[in-house]
Amino acid sequence: MSLSPQGTAASADPLTAVIEVEDLVVRYGTATAVDQVSITVGAGEAVALVGPNGAGKSSLVDAVMGLLRPAAGSVRLHGRAALVPEGRQMFPDLDVEDNLRLGAWPLRSRGAAARDTSRVYEVLPDLAYIRRRKAGALSGGQQQMVAFGRALMADPDVLVVDELSLGLAPLITAALAEHLRELNTSRGLAVLLIEQNARLALDLCTRGYVLESGRIRTEGPSAQLADSAEVAAAYLGGAAEPSGAPDTEGDGE
Amino acid sequence: MSDFLQYLISGLAVGCGFALLGSGLVTIHRVTRVVNFAQGMFAVVAGLTAGSLLSAGLPHGVAEVAAVLVAGATGLLVGIVAIGRRGTGPQSALIVTLGIGFLAYAGEILIWGEDPHSFAGLGGAVEIGGAHLQKQYFLVIGAAALGFTALGLFFTRSYLGKALGACASNPYAARAVGIDVTRMGLVAFTLGGMLGGVAGVLVTPLQSVSYHSDVLLITNGFAAAILGGLVRLGPALVGGLALGVAESMVAGYYEASYQSVVALALMLAVMVWRARRHTALYEEAT
């Protein structure tokens, strides 16, 4: 708890926040996955949410994206949030182009121009070469890039990335992290990065929260979190190699 | 030779009906993973409705289209009951559709009675190679060809069609990009109802329908659809046509009462074969 005061001070001004989560509680039956969590992501800000497997990260993501109904508390989005889901979540029978185009759902509200994929190919040129390949036949790294592109198709104000590095080789992860940094710094896209690999997440983001057993254990600027003895002991010690995140599933359930 | 041609064409026409019914099953399963056992009921409702509307004085065309729309509305209702409640799994929904199918008997008997009904389709016949062929056969075959082409293009080319398919292939991702999976399931049920309805209005002039005709229709439609693992349209069409022709030949050269044995035998063979190969259907059942 030593970092909490500074962390609160470093929080974004709520007036310019894109994501405001207040006292959020998520329950599955009698089990509480997220317990009174409050986080904020400011416009153009990159925020990390780190924590071990089962800390409630994915439940928090689902609540932020409106994919589950919280038991208590509130989630407010000011602008559009798009998700890069855990495990890439491709539409395997569709080609890359169609996977991207479905990112521009809904059907009517924004017209055909919203479904133009060329702006994604500008940002992620590698995708243009595989646009006619079936998503199910791609490598994990390629799929993760498609997941990024699909999220960008929604023209989001904030990108919610659930497990960037999970199951990917270190070099691939580094390349994707560079894309994410580029989107954040040059295009002003806000990012909420959920990661088991705390070192990677804190390196990419300016501010972070540490979630443990459904509660925010500590928060603050990334540099402080990375230097903090308790965070280092809990999450950085075991992650000597950058892609040290174990291949796990069912986080937070 | 003329007998053979007769059996072939009539078999193809009836097979088109099976295939259309199967396409409704495929449409619903493709989007919701639900095997809709109320599918035969859509055809019965449409066939009986079209007959009533025609005897009430509506012209051909209008009555059939209205009956297909009624079947679509019936499909939507079945969908609301089967999958409308969030969190209903495909297996529970399957049982619900089975229940609705039987429940519908009561309503159908109340409105139309227990006797079989039919109505005159496209009148007249043509002579080809000595065979006397009803024009209705060709109407059914043409309409089915058109229906399958349109449906295939819809699923593989249109944005809505791809989004519908995405719901079953990855429901989580579909929801993550903002697709309302339940609503899309209802769209699929409505479409499935209409496809069943098209089968009903086309086939009723060939063989009269009563409230329990759905059993024969669903048996054949399911046997056709299972050939494509309940997700692919092409095999469902091939299966439907093969069944129609095989049953027509069995009835013509041998004994009519063995007709449904052909469908059941094919269905069993395909299911056993697919289960061995650990394909989609096997996973569905576990």
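## A walk through two chains

Start in chain B and select A236(B), which counts as buried because 31 C-beta neighbours lie inside 10 Å. Keep in mind as you go that this is a predicted model. A236(B) sits in helix α10 of chain B, residues 233-253. Now show what surrounds A236(B): setting aside neighbours within four places in sequence, its contacts are A19(B), G22(B), S23(B), V26(B), A224(B), A225(B), L227(B) and G228(B). For a sense of scale, add F189(B), which is 47 residues from A236(B) in sequence and 18 Å from it in space, C-alpha to C-alpha.

**Two helices side by side**

Stay in chain B and select helix α2 (residues 39-55) together with helix α4 (residues 90-112). Two packed helices are described by the angle between their axes and the distance between the axes. Here the angle is about 10° and the axes are 11 Å apart, so α2(B) and α4(B) are roughly parallel to each other. Which residues make the contact? From α2(B), pick G40(B), M41(B), V44(B) and L48(B); from α4(B), pick G101(B), A104(B), E108(B) and W112(B). Colour them by class and you will find five nonpolar, two polar and one charged.

**Where the chains meet**

Next, show both chains. At their meeting place, 14 residues of chain B are in contact with 19 residues of chain A. On the chain B side, α6 (159-169) and α7 (171-176) each supply at least two residues, and α6(B) gives the largest share, six residues. By class, this side of chain B has nine nonpolar, three polar and two charged residues.

**Into the sheet of chain A**

Cross over to chain A, which has ten helices and nine strands. Of its 253 residues, 48% count as buried. Select the six strands that form an open sheet, in the order β5-β6-β7-β3-β8-β9, with mixed pairing. β5 and β9 (215-221) of chain A stand at the edges with a single partner strand each, so one side of each has no neighbour in the sheet. From one strand to the next, the twist averages 15°.

Zoom in on β5(A), residues 81-84. In a regular strand the side chains alternate between the two faces of the sheet. See it here: A81(A) and L83(A) point one way, A82(A) and V84(A) the other, and all are buried. Then add β6(A), residues 158-162, which runs parallel to β5(A) and is joined to it by four bridges. A81(A) has V158(A) as its bridge partner, while A82(A) stands opposite L159(A).

**The helix across the sheet**

Now select α2(A), residues 57-64. This helix lies across β3 (46-50), β5, β6, β7 (190-195) and β8 (207-212) of chain A, at about 150° to β6(A). Is α2(A) enclosed or open? Eight of its eight residues are buried, so α2(A) is largely enclosed by the rest of the structure. Just after α2(A), look for G66(A), with a positive phi of about 75°.

**Last stop: the core**

In soluble globular proteins, nonpolar side chains tend to be buried together. The largest nonpolar core here has 161 residues, and those touching the most other members are V158(A), L159(A), V160(A), V191(A), L192(A), L193(A) and A46(B). Finish on L193(A): beyond neighbours within four places in sequence, its contacts are A46(A), A48(A), L49(A), V161(A), L164(A), A201(A), L204(A) and C205(A).

Methods:
Residues numbered from 1 in each chain as written. Chains lettered and ligands numbered in written order. Predicted model: local features only at pLDDT ≥ 70, side-chain atom pairs only at ≥ 80, totals over all residues. Contact = placed C-beta atoms within 7 Å. Nonpolar A, V, L, I, M, F, W, Y, C, P; charged D, E, K, R; others polar. Buried ≥ 20, exposed ≤ 12 C-beta atoms within 10 Å, placed from the backbone. Core = buried A, V, L, I, M, F, W, Y, C linked by C-beta atoms within 7 Å. Axes fitted to C-alpha atoms, helices over the stretch in contact; angles between N-to-C directions. Parallel < 35°, antiparallel > 145°, perpendicular 65-115°, else oblique. Pairing = 2+ DSSP bridges.
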